[in-house]
Amino acid sequence: MSKKILVSGAGIAGPALAYWLGRHGFDVTVVELAPGPREGGQAVDFRGDTHLGVLERMGVLDRLRGIATGGSPMRFVDGNGAGLLHLPADFAGGDLEVLRGDLARALHEHSLPYATYVFGDTITSLTETADGVRATFRHGAPADFDLVIGADGLHSHVRRLAFGPEKDYVTHLGHYAATWSLPNYRGMDPGEGSVGYNAPGRLASMGADHRDPGRAGAFFVFASPELSYDRHDTRRHKELITEAFAGLGWDVPLLLGTLEAAPEVYFDSISRADVDAWSTPSGRVALVGDAACGATIGGMGTGTGIVAAYILAGELGRTPDDQRAALARYENLTRGYAQGCQKGGDRTGRFLAPGTAWGLRLRNGLLSRPWILNRMLEEGKKVTNTIALPDYLGGLRVTGR
């Protein structure tokens with residue numbers, strides 16, 4: 001009888017983990033609060049041979065290349081729209097850039113033969129027993145599992161239930177970010193990437209939607225001490241964004257004017273998650289991806305999460321009857337790599353929205369020099385290639401498609 005594993009979260013790391021766990025012969029259930037695979041979201045990127053190697057081993061690399069955006073250049077302008085800085089597509093888009101919603105859908109569909117998905121539900125409690133973990137759900141009946149894995153992001157519900165409150169593990173990095181969809185009133189082409197305007201401590205930008213050129217996406221970042229608000233209160237999110245950007249020039253008033261009609265707004269702090277141990281002492285509950293070691297933006301969390309999912313499933317497949325040893329090997333192999341990638345998130349807010357006029361001039365001046373830009377691109381690739389991928393393919397128990 002195969003071991004039963006519950007994965008919380010059907011974003012990116014969750015479906016990747018479900019695929020590999022299923023291929024190793026485990027009985028996998030994925031529970032996700034959203035009613036289906038999450039649509040929308042910003043573009044995410046993969047960099048270097050390690051990221052691309054895992055995608056190739058999964059058998060999804062060609063599909064993702066077929067739906068890739070081609071990269072997203074970034075252009076910064078002054079209040080009159082005059083250009084200040086241009087960053088090429090590979091600066092933000094790496095070797096392969098895909099819209100987050102397209103990636104989530106592709107991974108979900110690829111993992112469907114190997115896992116059962118339950119959408120519209122969430123875990124309400126986890127109780128360790130002599131034989132495993134009993135999970136209760138908001139809607140479904142309680143069930144017993146040999147292992148529960150939180151792949152549910154920076155604000156992980158599993159981490160809160162099994163490890164402790166979020167404040168013990170998540171550090172605010174001094175900025176907030178927001179995105180929403182709006183009409184493409186500028187008539188921008190998706191190939192143009194984004195155009196943005198800075199004031200000290202603030203960035204307002206927009207870019208055409210790659211799937212619907214009649215639509216565009218706004219991306220705002222602002223510096224702020226940690227705020228107290230309900231993460232699910234969209235009305236309050238809109239108020240905070242409007243307050244932070246009141247009185248700015250360029251297209252900011254027009255962009256803020258589209259907020260009222262936006263049905264969905266992503267709003268979150270730019271933060272970092274650090275967990276001392278990625279599994280409980282019993283080896284019954286574990287974390288993967290941003291839930292264990294992630295950053296909101298700039299920490300290469302998408303690629304890192306997929307690499308970590310591959311290694312976690314592979315180590316469990318090596319010793320399915322000794323979860324504690326498998327989880328220890330997984331963390332030992334992955335922690336240093338994840339932390340190295342995560343460091344980029346510490347600088348993201350300061351890079352996108354420098355806090356002073358002098359800081360803005362310095363960023364624009366330095367990155368206008370090709371040799372500095374190329375050096376940063378090379379350093380980014382080096383970080384993603386600092387792990388040697390173990391070969392677990394010979395131990396797969398379930399035939400792939």
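Does Trp 358 count as buried, partly exposed or exposed, and what is the relative accessibility behind that label? In this predicted model, Trp 358 has a relative accessibility of 55%, and because the threshold for an exposed residue is over 50%, Trp 358 counts as exposed. The residue is found in helix α12, which spans residues 357-367. Together with Leu 362 and Leu 366, Trp 358 makes a nonpolar surface patch of about 300 Å².

The interior presents another picture. In soluble globular proteins, nonpolar side chains tend to be buried together. The largest nonpolar core of the model holds 75 residues, and within this core Leu 21 and Leu 316 touch the most other members. Helix α10, residues 301-318, gives the most to this core, contributing 9 residues. When residues up to four places away in sequence are not counted, Leu 21 touches Ile 5, Val 7, Phe 26, Val 28, Ile 149, Ala 313 and Leu 316. A second core, separate from the one just described, consists of 29 residues, among them Val 77, Tyr 176, Phe 245 and Leu 255.

His 24 is found in the loop between α1 (13-23) and β2 (27-32). With a relative accessible area of 4%, which is under the 20% limit, His 24 is therefore classed as buried. Its contacts, leaving aside neighbours within four places in sequence, are with Ala 313, Gly 314, Gly 317, Tyr 392, Gly 395, Leu 396 and Arg 397. Ala 313 thus appears among the contacts of His 24 and also among the residues that Leu 21 touches.

Strands of a sheet pair through backbone hydrogen bonds, either parallel or antiparallel. An open sheet of 8 strands is found in the model, with mixed pairing and the order β5-β4-β13-β14-β15-β12-β16-β18. Strands β5 (83-87) and β18 (294-295) stand at the edges of this sheet and have a single partner strand each, so that one side of each is left without a neighbour in the sheet. Within the sheet, strand β4 (residues 74-77) and strand β13 (residues 194-199) run parallel and are joined by 4 bridges, and Phe 76 stands opposite Gly 196 in β13. An antiparallel pairing is formed by strand β8 (residues 123-128) and strand β9 (residues 133-137), which are held over 5 bridges. A hairpin of 4 residues joins β8 to β9, and the bridge partner of Thr 127 in β9 is Arg 134.

Side chains of opposite charge can pair when their charged atoms come close. The count of salt bridges in the model comes to 16. In one of these, Arg 47 pairs with Asp 45, with the closest N and O atoms 2.7 Å apart, and both Arg 47 and Asp 45 are buried. In another, Asp 102 pairs with Arg 105, the closest N and O atoms being 3.2 Å apart. These two residues both lie in helix α5 (residues 100-111), where a separation of 3 residues corresponds to about one turn of the helix. Asp 102 is buried, with a relative accessible area of 9%, whereas Arg 105 is partly exposed, with a relative accessible area of 25%.

A further salt bridge is formed where the side chains of Asp 251 and Arg 186 meet, at 2.8 Å from N to O. This pair links distant parts of the chain, since Asp 251 lies in the loop between α7 and α8 while Arg 186 lies in the loop between β12 (170-183) and β13, 65 residues apart. Asp 251 is buried, with a relative accessible area of 11%, and Arg 186 is partly exposed at 38%. Elsewhere, Asp 102, Arg 105 and Arg 211 are joined into one network by salt bridges that share partners.

The loop between α7 (234-245) and α8 (252-257) also holds Trp 250. The phi angle of Trp 250 is near 55 degrees, a positive value in a residue other than glycine. Trp 250 has a relative accessible area of 13% and is buried, in contrast to Trp 358, which counts as exposed.

Definitions and conventions:
Residues numbered from 1 in each chain as written. Predicted model: local features only at pLDDT ≥ 70, side-chain atom pairs only at ≥ 80, totals over all residues. Heavy atoms only, no water. Core = buried A, V, L, I, M, F, W, Y, C linked by side-chain atoms within 4.5 Å. Buried < 20%, exposed > 50% of the residue type's maximum accessible area, 1.4 Å probe, protein only. Contact = heavy atoms within 4.5 Å. Patch = residues over 30% accessible without salt bridge, like charges linked within 9 Å, V, L, I, M, F, W, Y side chains within 5 Å. Areas by Shrake-Rupley, 256 points an atom, 1.4 Å probe, with all protein chains shown as cover. Salt bridge = Lys/Arg side-chain N within 4 Å of Asp/Glu carboxyl O. Pairing = 2+ DSSP bridges.
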